[in-house]
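Thanks for coming. I have one model to go through today, and I will start with a term I need before the rest. Please have the sequence and the structure open while I talk.

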Amino acid sequence: MPVSYREVKIDARQRLRGHKPSAFLVAAVYLLISCVISVLVYRLSGYSDYVDGVYKMCDDVMQNGAQPYMVPYPSVNPLGIVLSAALLLMSVVLEFGFEGCCLQFARREKAGVRDLFNGFNQFGRAVALMVLRTLIVCALSLLFVIPGVIAFYRYRTAVYVMLDHPEMNVFQCLAETARQTRGHKMEYFMLDLSFIAWLIVSYLVSYLVYVPVLDIWVSPYMGTARALYHDRLNGRYDPNAEPGGEDSVQ
């Protein structure tokens, strides 16, 4: 019997409401740290100066009638490059941790702010999984958009597999993820597509107020629904799971 997207989303909302501490507090901390990292990388890598140069070139072309020219990338302090790389790795591990938290929300297990940093307990595996997954998707996207999208959903739930199977290495996790999503990639795509209205409104609000306010709700909502769908397809779903109780936010 096909899994109902509507039922999954209703179940996700119910599990998020009953979670202590608030799943939205966890999402707020994750988004805050992610935004800070993005701003720091934007500055340290010299990309902000490059963008300013591009804007200046566009102004010259449109207002002064100048010919378009190549904007050189500014020289960057080697320390800035190292710090940018370290911050990017940190963001990758935090993303791993947030996906893990969404899996815990879905299973009504204890999960607090400190669980965002669980990826640092298996730093090498977490980074290797996230980076390799991204490289595979990007490589196939270079061929055409559709193979990239297929690859994205083939390995969409790789974090869940790694967390459920700590004995597996990165390649085994990706292979198992591909096996589990075989025949279900379109279902995961349609589940994500069912959030399109939320994503559009969230983007517009963020654009207007410069703060991802609605993402505090949308991110854990989508993540928990996806984790629930994963559990339902793989026989791990427990409709009678009791809330895990309170957990420390420290």
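On a 1 Å grid over the protein atoms alone, a pocket is an open set of points with protein on both sides within 12 Å along at least five of seven lines, and its lining residues have an atom within 4 Å of a point. The points are joined across faces, edges and corners, and the volume is the space filled by probe spheres set on them.

Next, the ground rules. This is a predicted model, in which local features need pLDDT of at least 70 and side-chain atom pairs count only at pLDDT 80 or more, while totals for chains, interfaces and linings use all residues. Residues are numbered from 1 along each chain as its sequence is written, and side-chain values use heavy atoms, with hydrogens and water left out.

So, the fold. The protein chain has 11 helices and zero strands. Helices here are DSSP runs of H or I with at least four residues, strands are runs of E with at least two, and both are numbered from the N terminus. The C-alpha atoms fill a box of roughly 65 × 40 × 35 Å along the principal axes. Of the 250 residues, 39% count as buried, where buried means under 20% relative accessible area, exposed over 50%, and partly exposed in between, with a 1.4 Å probe and protein chains only. Contact means heavy atoms within 4.5 Å. Among contacts between residues at least 6 apart in sequence, 75% join residues at least 24 apart.

Back to the pocket. The largest pocket has a volume of about 370 Å³. Its lining has 19 residues, and F98, R156, S219, M222 and R226 lie nearest the centre. Which helices supply at least two residues of that lining? They are α2 (23-44), α4 (78-106), α6 (145-154) and α11 (215-233). The largest share, six residues, comes from α11. By type, the lining divides into 10 nonpolar, three polar and six charged residues. For that count, Ala, Val, Leu, Ile, Met, Phe, Trp, Tyr, Cys and Pro are nonpolar, Asp, Glu, Lys and Arg are charged, and the others, Gly among them, are polar.

Now the cores. A nonpolar core is a set of buried Ala, Val, Leu, Ile, Met, Phe, Trp, Tyr and Cys residues joined through side-chain atoms within 4.5 Å. The largest one has 33 residues, and V26, Y30, F98, F105, L116 and F195 touch the most other members. Helices α1 (5-17), α2, α4, α9 (185-193) and α11 each supply at least two of its residues. The largest share of this core, eight residues, comes from α4. A second, separate core of 15 residues includes A126, L129, M162 and L174.

F98 came up for the pocket centre and again for the largest core. Leaving aside neighbours within four places in sequence, F98 is in contact with A27, Y30, L116, S219 and P220.

Y160 sits in helix α7 (residues 158-164). Is Y160 buried or exposed? Y160 counts as buried because its relative accessibility is 2%. Beyond four places in sequence, Y160 touches E99, L103, G223, R226, A227 and H230. One of these, R226, is also among the residues nearest the pocket centre.

Two residues of helix α5 (residues 123-143) are worth setting side by side, L132 and V137. L132 counts as partly exposed because its relative accessible area is 23%, whereas V137 is buried at 14%. With residues up to four places away not counted, L132 touches V170, F171 and L174. On the same basis, V137 is in contact with G148, A151 and F152. The C-alpha atoms of V137 and R154 are 17 residues apart along the chain and separated by 9.4 Å.

Then α3 (residues 47-64). This helix has 18 residues and reaches 25 Å from its first C-alpha to its last, close to the 26 Å expected; the expected span is 1.5 Å times one less than the number of residues. S48, V51, M57 and D60 are buried in α3, and the buried residues of α3 pack against α2.

Last, backbone angles. Most residues other than glycine have a negative phi. R108, in the loop between α4 and α5, has a positive phi near 55 degrees. Y210, just after α10, takes a positive phi of about 65 degrees. G65, just after α3, takes a positive phi of about 75 degrees.

Key: 1 Å grid on protein atoms, 1.4 Å probe; cavity = no way out; pocket = protein on both sides within 12 Å on 5 of 7 lines; lining within 4 Å.
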